[in-house]
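The following exercises ask the reader to work from a set of coordinates to a description of a fold. Each task is followed by a solution in steps.

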Amino acid sequence: MTTNVRHTGVRTPATQEARYEEELARGLLAADENAFAAVYRRWGSLVHTMATRSLGDTFEAEDVTQQVFLGAWRGRNGYRPEKGPLGGWLVGITRRKIVDALAARTRRLTLIETVTHDADGRRHEVGATTDGVLDRVLLVDALSRLPHGQREVLCLGFYQDLTQAQIAERTGMPLGTVKSHTRRGLHRLREAVEQGRAEENTA
């Protein structure tokens, strides 16, 4: 016995949702800015929520959210609808950007530790959290005051995770100059942070 099923043409909410997402995907691939704005409105809150939960920092989450959609726009030709929905593609980008943000945070903390550790290698536990915040503020200020060459070398090393040889290749500086800038830059940062701590303690 054969049962005839008559298609009424009525779209279910799920079908409408899928069609709308397909339209947005086509618009993104066609570099339609209006479609891209709709993509951001649709998935922006999801991306921001994922970043906030992973990073625990609203400001970092906002930065990651911007990076995700900027990356999606620039890399839109890399999206393949046949491999999965647009939302899943954006979630994949978000995860990678979160990993990048966590790695960058680790490098920042490494820089702080490199600059601010005591000469004898000991760290004082009392007030460590407060000192850490102060160190970060002092470090950012001191870094901005370094000569251009020293600042460029340190930023490339700690924020882009480049080796000294890679920095030399990127900037065109001799390797010896890169090493000299690194040594002198770290010395000046350490002095600036120690001076800032001393001033804070006497205030």
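Two residues are in contact when heavy atoms of theirs lie within 4.5 Å. The coordinates used throughout are those of a predicted model.

**Exercise 1. Surroundings of Thr94**

Task: Determine where Thr94 lies, whether it is buried or exposed, and which residues it is in contact with, leaving aside neighbours within four places in sequence.

Solution.
Step 1. Thr94 is a residue of helix α4.
Step 2. A residue is buried when its relative accessible area is under 20%. Because the relative accessibility of Thr94 is 0%, Thr94 counts as buried.
Step 3. With the neighbours within four places in sequence set aside, the contacts of Thr94 are Val47, Met50 and Val68.
Step 4. For Thr94 and Val68, a separation of 26 residues in sequence goes with a C-alpha to C-alpha separation of 5.8 Å in space.

**Exercise 2. Overall composition**

Task: State how many helices and strands the protein has, and what share of its residues is buried.

Solution.
Step 1. The count gives 8 helices and 0 strands. Read from the N terminus, the order of elements is α-α-α-α-α-α-α-α.
Step 2. Of the 203 residues in the protein, 33% are buried.
Step 3. The exposed area of the protein is about 13500 Å², and 52% of it is supplied by carbon and sulfur atoms.
Step 4. Consider contacts between residues at least 6 apart in sequence: 60% of these join residues at least 24 apart.

**Exercise 3. The nonpolar cores**

Task: Identify which elements give two or more residues to the largest nonpolar core, and which residues touch the most other members.

Solution.
Step 1. The largest nonpolar core holds 24 residues, and those touching the most other members are Val39, Trp43, Val64, Phe69, Leu86, Trp89 and Leu90.
Step 2. Two or more residues come from each of α1 (13-29), α2 (33-55), α3 (58-74) and α4 (86-116). Helix α2 provides the largest share, 8 residues.
Step 3. Val39 serves as an example: beyond residues up to four places away in sequence, Val39 touches Leu24, Gly44, Phe69, Leu86 and Leu90.
Step 4. There is also a second, separate core of 8 residues, including Leu139, Leu146, Phe158 and Leu186.

**Exercise 4. The faces of helix α3**

Task: Compare the expected span of α3 with the distance between its end C-alpha atoms, and establish where its buried residues lie.

Solution.
Step 1. At 1.5 Å a residue, the 17 residues of α3 should span 24 Å, and the end C-alpha atoms are 24 Å apart, which agrees.
Step 2. In α3 the buried residues are Glu60, Ala61, Val64, Thr65, Val68, Phe69 and Ala72.
Step 3. Viewed down the axis of α3, these buried residues fall within an arc of 165 degrees, and therefore they line one face of the helix.
Step 4. An α-helix has 3.6 residues a turn, so residues three or four places apart point the same way.
Step 5. Phe59, Gln66 and Arg74 are exposed on the other side of α3.

**Exercise 5. Aromatic pairs**

Task: Find how many aromatic pairs the whole structure contains, and describe two of them.

Solution.
Step 1. The search yields 3 aromatic pairs.
Step 2. One of them is formed by Phe36 and Trp73; this pair is tilted, with 5.0 Å centre to centre and 50 degrees between the planes. Phe36 belongs to helix α2 and Trp73 to helix α3, and the pair links distant parts of the chain, 37 residues apart.
Step 3. Tyr79 and Trp89 also form a tilted pair, at 5.2 Å centre to centre and 45 degrees between the planes. Because Tyr79 lies in the loop between α3 and α4 and Trp89 in helix α4, this pair ties together parts that are 10 residues apart in sequence. Tyr79 and Trp89 are both buried.

**Exercise 6. Ile167 and Gln150**

Task: Determine whether Ile167 and Gln150 are buried or exposed, and list what each touches beyond four places in sequence.

Solution.
Step 1. Ile167 lies in helix α7 (residues 164-171); its relative accessibility is 2%, so Ile167 counts as buried.
Step 2. Outside residues up to four places away, Ile167 touches Val153, Leu156, Gly157, Leu162, Gly172 and Val178.
Step 3. Gln150 lies in helix α6 (residues 148-159) and is buried, with a relative accessible area of 7%.
Step 4. Leaving aside neighbours within four places, Gln150 is in contact with His181, Arg184, Gly185 and Arg188.

How values were computed: Residues are numbered from 1 along each chain as its sequence is written. This is a predicted model: local features need pLDDT of at least 70, side-chain atom pairs count only at pLDDT 80 or more; totals for chains, interfaces and linings use all residues. Side-chain values use heavy atoms; hydrogens and water are left out. A nonpolar core is a set of buried Ala, Val, Leu, Ile, Met, Phe, Trp, Tyr and Cys residues joined through side-chain atoms within 4.5 Å. Buried means under 20% relative accessible area, exposed over 50%, partly exposed in between (1.4 Å probe, protein chains only). The expected span of a helix is 1.5 Å times one less than its number of residues. The arc is that of the directions from the helix axis to the C-beta atoms. Accessible areas come from the Shrake-Rupley method with a 1.4 Å probe; for residues, only the protein chains shown count as cover. Rings of Phe, Tyr and Trp (its six-membered ring) pair if their centres lie within 6.5 Å; planes under 30 degrees apart count as stacked, over 60 as edge-to-face and the rest as tilted.
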